[in-house]
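Here's a quick briefing to read with the structure open beside you. It goes from a single side chain to the overall fold, then on to the metal, the ligand and the charged pairs.

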Amino acid sequence: MAVSLGAPRVLLRRLREIMAKPESAQARLDRIVVQIAANMVAEVCSVYVSRRDGSLELFATEGLNPEAVHKTHLKRGEGLVGLIVEQAEPLNLPEAQDHPAFSYRPETGEEIYHSFLGVPILRGGHALGVLTVQNQAQRHYSEEEVEALQTTAMVLAELIASGELTVAGDLGGRASRDGTRRIACESLSEGLALGHAVLHEPRVVVTKLIAEDTGRERVRLGESIEQLRTTIDDMLARVDMARAGEHRDVLEAYRMFAHDRGWIRRMEEAVSTGLTAEAAVERVQNDTRARMLRQTDPFLRERLHDIDDLSNRLLRLLAGRTMTAAQEDLPEDAILIARTMGPAELLDYDRQRLRGLVLEESGSASHVAIVARALDLAAVGQATGIVERVDTGDAVVLDAEVGEVYVRPTPDVVDAYADKVRFRAKRQEQYDKLHDTPAVTTDGVEIEMQINSGLLVDLPHLEESGASGIGLFRTELQFMISSTFPRLDQQTETYRAILDAAGERPVVFRSLDIGGDKVLPYIRRTQEENPALGWRAIRMALDRPGLLRTQVRALMRAAAGRELRLMLPMVSEVSEYDAARDVIDKERAHLRQHGREEPERILIGAMIEVPALLWQLDRLLPRVDFVSVGSNDLLQFLFAADRSNRRVADRFDVLSRPVLRVLRDIVVAAGRANTPLTLCGEMAGRPLEAMALIGLGFRCISMAPASIGPVKAMILSLDAAKLTEKVEGLLEADEADIRGALTSYAEATGVQL
Ligand code: PEP
Ligand code: MG
């Protein structure tokens, strides 16, 4: 016998009454199975609940032997009920005993029943249990009945997740957001953090499941879908129409789903069964999540993820909540958790309250990772499943050195990390005391220490670190986090703000180093086999002089009446330097022609990061105002080892004879030509490596702001003359382990590393 469409609503109303009664969860469950059986004209209705070990326990029944309650246990995957949990899908069978998975339990007395309908009790895509109905007659339950049972299962999910049933045993109810979890991930920005989780996109907990007025719920659902579409259209309008790459693709997919008839129809149907609009969205979302967890095709999984995101947005719209947690009250020690995030979204947060960032996707080249590094915020990416496993307020330990996140950590993990964090804070305090101490070695050699920077948000580091200037300003970072090409005025404004913040301290602006791993979403690029060796940096600038010209014009305007230092990246031939200089000279002439104020002084330099340049130093050095060694690129090209490929990047030691010899040759050549020399690659920021550089004769080094303290402490405890002797000896001697020899030297002579 089929139930009429009105029946589910009657059932939901009854369930609401039962749920409102002040009695135990077990008593409610017992009443609920009676109601369902009566409403669906079934002889049997049973509820099985998952336990943490994966088994299922019969928790309540109408129709089966009451003695079997809490006694019948099915192992993980056993029987029809086990199959439903595994597949997280309904099972509708006219003759249950014919199914290969049927498992006969004599204590239940179910052999007389033929037809069987079971649905998973889902929450967050995970099955907390199974709800079944059975009839003696062989019959096929209708679509409406399956729907009605699924809707009822939502109410049971609430009851199980409330934890009130746990008296009976250790249920697997909130398994995905329970207990300690350790998730391995990829470090995006180094640091350690202890704090509390904040979901970037707050999860709405649906508390009201059953509608008072179905008509009103239908209208609410319709309105919020409309609103959802508008917000997506707005987002799409904000990205550059012509070329927005991947970001645009995601939004297009969102828009497509927001108009997807199937998705909307399923939510409308769920409302028709008597659920509130929120519960209807969640009901359909549960199905999507269950499918997502089973999906192995990465593309389809991604699309289901998109629908899941959209459902969350819809729930927030219905609940009148903000779209992200940035506008909400944050704890003092927030660790932000997100599937992914745009750079601007991260900047919306109050940095003072952020301790860390954990992303489910996003690699180290992502824009949000760049911003996290600029903010000096501990961050990790590729933390698979984190969003699903965390609730706002959960304790989190983030180790962005190793690439690990602990969710709801055990006390010993917390203690171990708290010790580490305290130790670091103490060391930082010592470094802070060195803020105003000049970086001079024990034998009186002054070392100029500068910082690398690239965004407006990292400018405070200049003051905080006590550095003497910015040795490398990577201008492309501003371009990378922007969704459209920054126009002349915008660029001018940014550069002016940087010069203002730096005051008397010098700033070396590097012209755009786009290409390689630095991709601009709004610039169309052709696929390259080896992008690091491809069309990038000055190569692109010379082929598209408009880019360089605009940037130079903006820099000159910003530096009117002040000094402008401009550095060219990836120069491989002297002629490239000459050609770029021509563009710069023309811009200067243009400025003059228009009677605009010029920079007081313009210094133009080149990066030494392509090996071919090493044999042109005699021609290059007299032409330039300064040079800076980009050891990151120089070494990847010298060793033919991709700097972003972990497998090979760490294979060669920067403290090895070929590297030290190349660097020594550069120092000698620059000294001979009297050309100011700096090194701005990562090696300058590591105390032992920086020590070697000083031994080779470098007197100016530029590094990440956080490295200034440790490197300065090293310099203050170093005798440069003695070290030079040691390094020169090592360059010629047969010593295979130069790193080891330098470490021993530092230990023996009291150099602080
Ligand atoms: C380098 O190559 O060493 C360098 C400083 O530049 P980037 O890391 O931006 O390529
Ligand atoms: Mg480089």
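Is Arg229 buried or exposed? Arg229 is buried, because its relative accessible area is 17% and the cut-off for buried is under 20%. Bear in mind throughout that this is a predicted model.

**The overall picture**

- The protein is built from 27 helices and 22 strands.
- Its C-alpha atoms fill a box of roughly 100 × 60 × 45 Å, taken along the principal axes.
- Out of 753 residues in the protein, 54% are buried.

**The magnesium ion (ligand 2)**

- Two protein residues act as donors to the magnesium ion: Glu609, through OE, and Asp633, through OD. They lie 2.1 Å from the metal.
- Glu609 sits in the loop between β19 (601–608) and α20 (617–620), while Asp633 belongs to helix α21 (residues 631–638), so the pair ties together parts that are 24 residues apart in sequence.
- If you go looking for these two donors on the surface, you'll be out of luck: Glu609 and Asp633 are both buried.

**Ligand 1 and its surroundings**

- There are 14 residues around ligand 1, and the ones that come nearest are Arg474, Arg510, Gly630, Asn632 and Arg643.
- Arg474 has a side-chain N or O atom 2.7 Å from an oxygen atom of ligand 1.
- Arg643 does likewise, with a side-chain N or O atom 2.7 Å from an oxygen atom of the ligand.
- Glu609, already met as a magnesium donor, also turns up here: an N or O atom of its side chain is 3.0 Å from an oxygen atom of ligand 1.
- On its own, ligand 1 would expose 290 Å², and the protein buries 99% of that.
- Two elements, β16 (470–474) and α21, each give two or more residues to the shell around ligand 1. The largest share, three residues, comes from α21, the helix that also holds the magnesium donor Asp633.
- Sorted by character, the shell around ligand 1 has seven charged residues, four polar ones and three nonpolar ones.

**Salt bridges**

- The count for the model comes to 45 salt bridges.
- Back to Arg229: its side chain meets that of Glu226 in a salt bridge, 3.2 Å from N to O.
- Both partners lie in helix α5 (residues 214–238), three residues apart, which is about one turn of the helix.
- While Arg229 is buried at 17%, Glu226 counts as partly exposed because its relative accessibility is 42%.
- Arg592 and Glu598 form another salt bridge, with their closest N and O atoms 2.7 Å apart.
- Arg664 and Asp665 pair up too, at 3.7 Å from N to O. Both are partly exposed: Arg664 has 24% relative accessibility, and Asp665 has a relative accessible area of 45%.
- Elsewhere, salt bridges that share partners join Glu476, Arg510, Asp513, Arg536, Asp633 and Arg643 into one network.
- Some of those network members have come up before: Asp633 is a magnesium donor, while Arg510 and Arg643 are among the residues that come nearest to ligand 1.

How values were computed: Residues are numbered from 1 along each chain as its sequence is written. Chains are lettered from A and ligands numbered from 1 in the order in which they are written. This is a predicted model: local features need pLDDT of at least 70, side-chain atom pairs count only at pLDDT 80 or more; totals for chains, interfaces and linings use all residues. Side-chain values use heavy atoms; hydrogens and water are left out. Donors are N, O and S atoms within 2.8 Å of the metal (3.2 Å for Na, K and Ca); water is not among the atoms, so sites may look incomplete. Helices (H or I, at least four residues) and strands (E, at least two) are DSSP runs, numbered from the N terminus. Buried means under 20% relative accessible area, exposed over 50%, partly exposed in between (1.4 Å probe, protein chains only). A salt bridge is a side-chain nitrogen of Lys or Arg within 4 Å of a carboxyl oxygen of Asp or Glu. A residue is near a molecule or strand if one of its heavy atoms lies within 4 Å of it. A polar contact is a pair of N or O atoms within 3.5 Å; within protein, one must be able to donate a hydrogen and the other to accept it, and residues adjacent in sequence count only if both atoms are side-chain atoms. Accessible areas come from the Shrake-Rupley method with a 1.4 Å probe; for residues, only the protein chains shown count as cover. Ala, Val, Leu, Ile, Met, Phe, Trp, Tyr, Cys and Pro count as nonpolar, Asp, Glu, Lys and Arg as charged, and the others, Gly among them, as polar.
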